[in-house]
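Student: I have just opened a new structure and would like to learn how to read it. Could you walk me through a few features?

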Amino acid sequence: MSFPIGLLWIGGGGAVASMALLRHAWGKPSRSVPLNLGAWATLLAALLCGMADSGAWGMAVVTLAALAAAFLCLAHAALAAPPGRQAASNRRVRMLPEGAEPLRLGARFLTFALTVPGACLTALAIALAARAVAGRIGLHDADGNVLMLFLMPLLWMLLVMLLLFQDRRRAQLLWLSLPALASLLILAATGTHI
Amino acid sequence: MNQVVHKSTVQRSLSAHAALGLLASALLYILCLTGTVTVLYEEWQRVEQPDAPEMTAIAPAAVQTAIANLLAGEKGRKATGHLYVHLPTDALPRTTITTDNQAAHVDARGALAMPERNAWSEFLLGLHDMLNVPGVIGMTIVGALGVMMLALTLTGIIAHPRIFRDAFRLRARDKGGVGLADWHNRLGVWTLPFAIAIALTGAMIGLGSINGYGLAGLFYKGDLEAAYAPIFGEEGKPDPKSAPLPDVAAALRTMAQRFPEARPLYVILHEPLTAGQQVQVLAGHDRRLIFGETYAFDSQGRFTGKAGLSDGHIGQQVAASAYNLHFGNYGGWPVKLAYILFGAALCGMIAAGVLIWLGKRERRGFHHPRLRAAWHAIIWGVPFALSMTFLARLTIGNEAPFVAIFWLLLLASLIAALCLPDTIRRGLQFLLGAGVIGGGLLAAALALGG
């Protein structure tokens, strides 16, 4: 497939230029607001050019051009990097016990059960409730169903994060059960047969 | 530095990032690697069967003849519910007809040429789509891994407040662990839009089954097809009375006359040779992310309407765009090469992630030589096992047990890692190199010989 010259090429060129400008701005000893703004504005303009030329397809192609340009900058940084041996981080991430700490396998399994199947079911319930609401406010079935299909994985991701950020099991259970309960109520209120 | 994100949030995010990474990294690595290789799905099919007839286009009458020839050979067998004709494209310039019973290539005149033999490409796709676990379970696991990848992306950003500030800083040759962390973080930042796009679309596709069952159960009286019909269009009502072959050639001629901007990709016959049969032409639209638009025709080849994937409801257009955005087949070689580059970067980022965690543990005085060796067995064992399946395709043939070869070799790599933790990395790197070179040379020899 060939790319005809036009707004798409301007967008692609702009995307590359924005990455070069960003590289220059972020390489300075102190942050330059005008340079940063210029770089991001160039990228935005490039994306708009892509969109004006070919809609979502044009935006996707311009994004790939920007990423490819960033990778070139990275490749240069990798090649130009001097050999070194700095002390690396040893921040503890509390994934495995240290020393005589207990392994807490049961608690780990419960966390898995809550964040994977538990959060999946809650996300499914919320997404279905959103679909029911979409139907009630007059959204076409195609829009409502696709909304549900994309919403469910996004909600699951958010729930996974929220649950893993909680220190207490009770808070995790509340984050799972309350939205699920609210969703079931919405489904019942909208007359959906559960 | 201004503390945009609270320190405790950063710490929690890092813990969540590590937990998700350790839970999902091995399977995510398999998905990303196979996804990267699958970008060349059409090209692999040509490598597998270099002697299949190729053409840049096929006449409508030849397609009609080919369908008639194939269905004539199926008399006495169980009637097929669907028939698909793959029409020549730039990436795969072949005409191939698939029914429930068989798949065959045809030549430009519509004569049946040879059976389709692309079992390795299908194995590769099956490994990526469902980790070779059949049915809903496999797709759901893969969809769940897409969700984990999204969560890993977001927790990774929150866990590293300086990640954008240092986005171009890559101390690649630092041996103390900083280099590895830089590679992980930089590749993470610059694959961010790509990773979000493929993880979200992958999750949407993978979780489509359970979500579809949810939609069907609550809104469509359990009818799964009815749940997807508003998006992708519906099939006609079945009528099992026998009927002559529909006029596919007329449908294709109508396509050329009425929709010259659309490139026919597939002809689909629903319930062929029955009174309820329906002809659909799936056609690609240049400079669109959608995989195509479905044009429907009756048995006489008269146009009856289109599904609306190209210009219908926004939900239809979004859903139809998810597939090409995921697989990278919307812009020819430039886009394919970009997807291969970013896919490889994702593999590198995942590989580095677990090594960073192991390195931190070691710097804190906790050494796990077998765990490290097992991770190297994944990093190098997955591509090695994949290269061996490809070699098996070229040497044993289409019937080689690819699933068994891949998973047994991966298991053997893991066992070897536990028994020989000091040598597994070098050993697998050597075997991988030999496998790739051997596969490449053999494929080239077969192509030249064919």
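Tutor: Gladly; we will look at the chain contact, then at some cysteines, then at one arginine. Keep in mind that this is a predicted model.

Student: Let's start with the interface. How many residues does each chain bring to the contact?

Tutor: Chain B contributes 87 residues and chain A contributes 74 residues. Together the two chains bury about 7300 Å², and 72% of that lies on carbon and sulfur atoms. Three residues stand out on the chain B side: F168(B), W190(B) and R287(B) supply 13% of the area chain B buries against chain A, more than any other three residues.

Student: How many salt bridges cross the interface of chain B and chain A?

Tutor: The rule finds two salt bridges there. In one salt bridge, the side chain of R287(B) meets that of D53(A), with 2.3 Å from N to O. You can also count polar contacts: 15 residue pairs make them between chain B and chain A, taking pairs with both residues at pLDDT 80 or more.

Student: Which elements give two or more residues to the side of chain B that touches chain A?

Tutor: Several helices of chain B do, among them α1 (7-38), α5 (135-159) and α12 (332-363). The most comes from α1(B), with 13 residues. Sorted by class, this side of chain B has 56 nonpolar, 17 polar and 14 charged residues.

Student: Now the cysteines. What is a disulfide?

Tutor: A disulfide is a covalent bond between the sulfur atoms of two cysteines. Here the count over all chains comes to zero.

Student: Why is C32(B) not bonded to C347(B)?

Tutor: Look at the distance. The closest cysteine sulfur to that of C32(B) is in C347(B), and at 5.3 Å this is too far for a bond, because the cut-off is 2.5 Å.

Student: Is C32(B) buried or exposed?

Tutor: C32(B) has a relative accessible area of 8%, so it is buried. C347(B), at 7% relative accessibility, counts as buried too. The cut-off to remember is under 20%.

Student: Let's finish with the arginine. Where is R393(B) found?

Tutor: R393(B) sits in helix α13 of chain B, which covers residues 369-395. Its relative accessibility is 8%, so R393(B) counts as buried.

Student: Which residues does R393(B) touch?

Tutor: Leaving aside residues up to four places away in sequence, R393(B) touches E48(B), R117(B), W120(B), N398(B) and F402(B). With E48(B), the side chain of R393(B) also makes a polar contact of 2.5 Å.

Definitions and conventions. Residues numbered from 1 in each chain as written. Chains lettered and ligands numbered in written order. Predicted model: local features only at pLDDT ≥ 70, side-chain atom pairs only at ≥ 80, totals over all residues. Heavy atoms only, no water. Helix = DSSP H or I, 4+ residues; strand = E, 2+ residues; numbered from the N terminus. Buried < 20%, exposed > 50% of the residue type's maximum accessible area, 1.4 Å probe, protein only. Polar contact = N/O pair within 3.5 Å; in protein donor to acceptor, adjacent residues only side chain to side chain. Contact = heavy atoms within 4.5 Å. Buried area = accessible area lost by both parts, 1.4 Å probe. Salt bridge = Lys/Arg side-chain N within 4 Å of Asp/Glu carboxyl O. Nonpolar A, V, L, I, M, F, W, Y, C, P; charged D, E, K, R; others polar.
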